[in-house]
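Visitor: I should like a close look at one part of this molecule, with its surroundings described afterwards. Please give the criteria behind each term as it arises.

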Amino acid sequence: MTKNLNRARRDSGARVASNDDTQRLIAASQRLAAEVSRMFGEEPDIADRHYWLETMVNHIPDYIYAKDLDGRFLIANRATVADNGFEEMQQLLGKTDYDLHPAEAVDHMAATERQVIETGQPIFGMEERAFVSKGYERWLMTSKVPLRNKQGQTIGIVGVSRDITDRKKAERLLLGQARLLEMIAKSTPLTEFFNELILMIEAHLPGIIGSVLLLSPDGRHLVTGAAPGLDDAFCAAIHGAAIGPKVGSCGTAAWRGEPVIVADILTDPLWEDYTDLIRPFGYRSCWSTPIRSYQGKVLGTFALYSCEPGNPTAEQSELISMAAHLAGIAIERRQSEERIQFMAHHDALTGLPNRVLFDERVASALQQVRASGQWLALAFLDLDNFKLINDTLGHHAGDELLRIVAARMLACVRKSDMIVRVGGDEFIILLNGLPAESRLVLSRLENIRLAIGAPMVVAGRSLQVSCSMGVACYPDHGQTATELLANADSAMYRAKEVGRNNLQLFDAEMAAKAHERLLRHEELRDAVTRGEFVLHYQPQLNLKTGRIFAAESLLRWQHPQRGLIAPADFIPLAEETGLIVPIGDWVLSEACRQNRAWQDAGLPPMVVSVNVSARQFKERNWASRVAAALEESGLEARYLELELTESLIMQDVGSAIATMHELEALGVHLAIDDFGTGYSSLSALKSFPVRRLKIDRSFVQDIPGDADDMAITGAIISLAQKLQMQVIAEGVETQAQVDFLRASGCDDIQGYFISRPVMPDALAALLSR
């Protein structure tokens, strides 16, 4: 690629240089004449001058010629004569370009010559296609000046043309490379990208055919990526071929991990098992090189085929390397995006779909059963006493158990059904397209429950785990996903109330429980009115300085009868009822007020972060509310950070980015909370005006014991660094976790390792110490 850039730079200088071609030729002839005079010790006569000038001009590879007013050749150098098909200049003299070439090709050139004659003005550096192709498309840079007699009258034109074909090819190659890089940046589908790459190479190398083969997921076979110029029958024949030490050019290159050059397919030992296959297609040479990842892993092969035997030229070898490099970048970019998207839609531990993917699919499932008149069943499932297993056998045993349970559930359902891990030991089961018969629905779910309860071996011990399951069916128990989930959840809690290890179908009694939830809603509304909420603060530590530089504000409900209530027990209800908006406004104002109070008390200024709910963020005047809270408290905007979740932003990316820019304009810092548990594409993430990514505690809690969590955490830190964002990990509890995060380049940490969430006075005391 670098050589092509240099070549293009060198050739681009030809345009400027050619503007003085005629002057240079005259000056050169004068210098040559002077040299002759010096050599012979006397002034050369006119014949000598004519001889040396003609010799010099004939040795120049550019076209040099003169024509009269009617376009007839008056004189021409040897290059002009030879490329027009003659041996002697006398054969060309008196002829016009119309006598030698098709009229449609000559018309434009003739028009420019008439313009020079009529205006008396020269034309320099004009690019045009050559009349003589020599078997490939050629380009010339031409300069034409008036030919004048001794009286200054124009009697014709003088022309100089230089072959710039190589420069034009280099320019097209550079443009093609830029277009390919743009396609990578825009996440163009790989097949489309490969086709564009191959067509660019084939246009640069006439008679050459390109091919991309991709290594299969098992790493043992090659499958067709793109080969627009190869015969379809040949592509079909080699699709899925196993790699090996003697499998043609590509299979061997993938096996060896190094380029394989086959000059003659019909005689090379690497192809002897496939000569009968390839002979009918006429391909004689194949030059293949592995496509590698940044880390050197083989991803596939890029190959060029020719119908002529032989080895690749230096230019062809350079283009093969360039193409393989670009293909590797594109494949890695796609794989990274697919990994991130999979992580965003699936549970990292079990590989099951997560709630985000469930929300996307359940709506379409409901539409289908409405149209067909069938049933849909939603079941909430919670493993009984799972915490006890975690506490006694450890988190690794708990993780292994969850994976076994997930696999057993998947074995009991159809591909059209869905098993979702909500979090912890909670799952959702979606069965769709069912007959309108509750007995059959319950029978299928009971089979799942029994499969979960079968004996299993975990951490070397034989275990049995039971589950509590609540079921709600469309249309009897709800018309929307929200209603069905709420009712299935109620049924599951009923199953726990009656002793666990059973299945409950939603009924009227559970509807009464729903009424109780309504009462809780009223209680929560009263709490907003009476100001029963308090904020605790959990400090955040910078790993480089070892100092506390910020704190996250965490909401608690100080209930008059039940005492301090954690947010998990009332925030979902607050979000469902819309009370999260006034509660969120209070949290924002109180956090700003408290931070300013700390500063006024003489504590070092620090940043306080506030969690923002999706409902809050959608408020039209949200940015103005933030501005009002800052103004009212007197806190500078740089000491406030707002934490947004990925799922919140991705609900409406355009609107979210607009609001984020409004907040950024205020001077407020923005962070993405629980990163890795939601969904965001790379193209969207890079446009977010955020300062920090916050790694979710679910990826940190099992470090350093869980290699997958370590890989995911390391990838998120690396991604943040590439995007020039800071990164903080939450849920940090052990020195081993701190050591891993520091070694991985994590900037900041938060968790019990530093401190539990504490009251404002306690945090002030901690900062003072």
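Visitor: Across which strands does helix α8 (residues 165–185) lie, and at what angle to β4 does it run?

Guide: Helix α8 lies across β3, β4 and β5, and it runs at about 135° to β4. The model is a predicted one, in which local features need pLDDT of at least 70 and side-chain atom pairs count only at pLDDT 80 or more, while totals for chains, interfaces and linings use all residues. Residues are numbered from 1 along each chain as its sequence is written, and side-chain values use heavy atoms, with hydrogens and water left out.

Helices (H or I, at least four residues) and strands (E, at least two) are DSSP runs numbered from the N terminus. Angles run from 0 to 180 degrees between N-to-C directions, along axes fitted as lines to C-alpha atoms, for helices over the stretch in contact.

The strands beneath α8 belong to an open sheet of five, ordered β2-β1-β5-β4-β3, with antiparallel pairing. Its edges are β2 (73–76) and β3 (123–129); each has a single partner strand, so one side of each is left without a neighbour in the sheet. On average, neighbouring strands here are turned by 25° against each other, direction ignored. Two strands count as paired if DSSP finds at least two bridges between them; β4 (residues 139–148) and β5 (residues 154–163) have nine, in the antiparallel sense. One of the bridge partnerships joins R148 to T154 in β5. Helix α7 (residues 103–119) also packs on this sheet, where it touches β1 (63–68), β3, β4 and β5, and its direction makes about 30° with that of β4. Contact here means heavy atoms within 4.5 Å.

A further open sheet of five strands has mixed pairing and the order β13-β14-β12-β17-β18. Its edge strands, β13 (418–423) and β18 (503–505), each pair on one side only, and the twist averages 20° from one strand to the next. Strands β12 (residues 375–383) and β17 (residues 467–474) run antiparallel and are joined by eight bridges; L376 stands opposite Y474 in β17. Helix α18 (residues 481–497) lies across β12, β14 (426–434), β17 and β18, at about 145° to β17.

Strand β12 also receives part of helix α15 (residues 386–393). The buried residues of α15 pack against β12 and α16 (395–411). These residues are F386, I389 and N390. Seen down the axis of α15, they fall within an arc of 100° and so line one face of the helix, the arc being that of the directions from the helix axis to the C-beta atoms. On the other side, K387, L388, D391 and T392 are exposed. Buried means under 20% relative accessible area, exposed over 50%, and partly exposed in between, for a 1.4 Å probe and protein chains only. Just after α15, G394 takes a positive phi of about 100°.

Further along, helix α21 (residues 580–600) contains L588. Helices α21 and α23 (residues 622–633) pack at about 35°, with axes 9 Å apart. Their crossing is right-handed, the near helix being turned clockwise from the far one by less than a right angle, whereas an anticlockwise turn would be left-handed. The α21 residues in this contact include L588 and C592, and those of α23 include W622, R625, V626 and A629. L588 is buried at a relative accessible area of 2%, and C592 is buried at 0%. Leaving aside neighbours within four places in sequence, L588 is in contact with V610, W622, R625, V626, A629, L640 and L642.

Strand β23 (residues 640–645) is mostly covered, with five of its six residues buried. It runs parallel to β22 (residues 607–611), to which four bridges join it, and N611 has E643 as its bridge partner in β23. Strands β23 and β24 (residues 669–675) pair in the parallel sense over five bridges, and H669 in β24 is the partner of E641.

Finally, a search of the whole structure finds zero disulfides, a disulfide being a pair of cysteine sulfur atoms within 2.5 Å. The sulfur of C473 lies 16 Å from the closest cysteine sulfur, in C467, too far for a bond, and C473 counts as buried at 2% relative accessibility.
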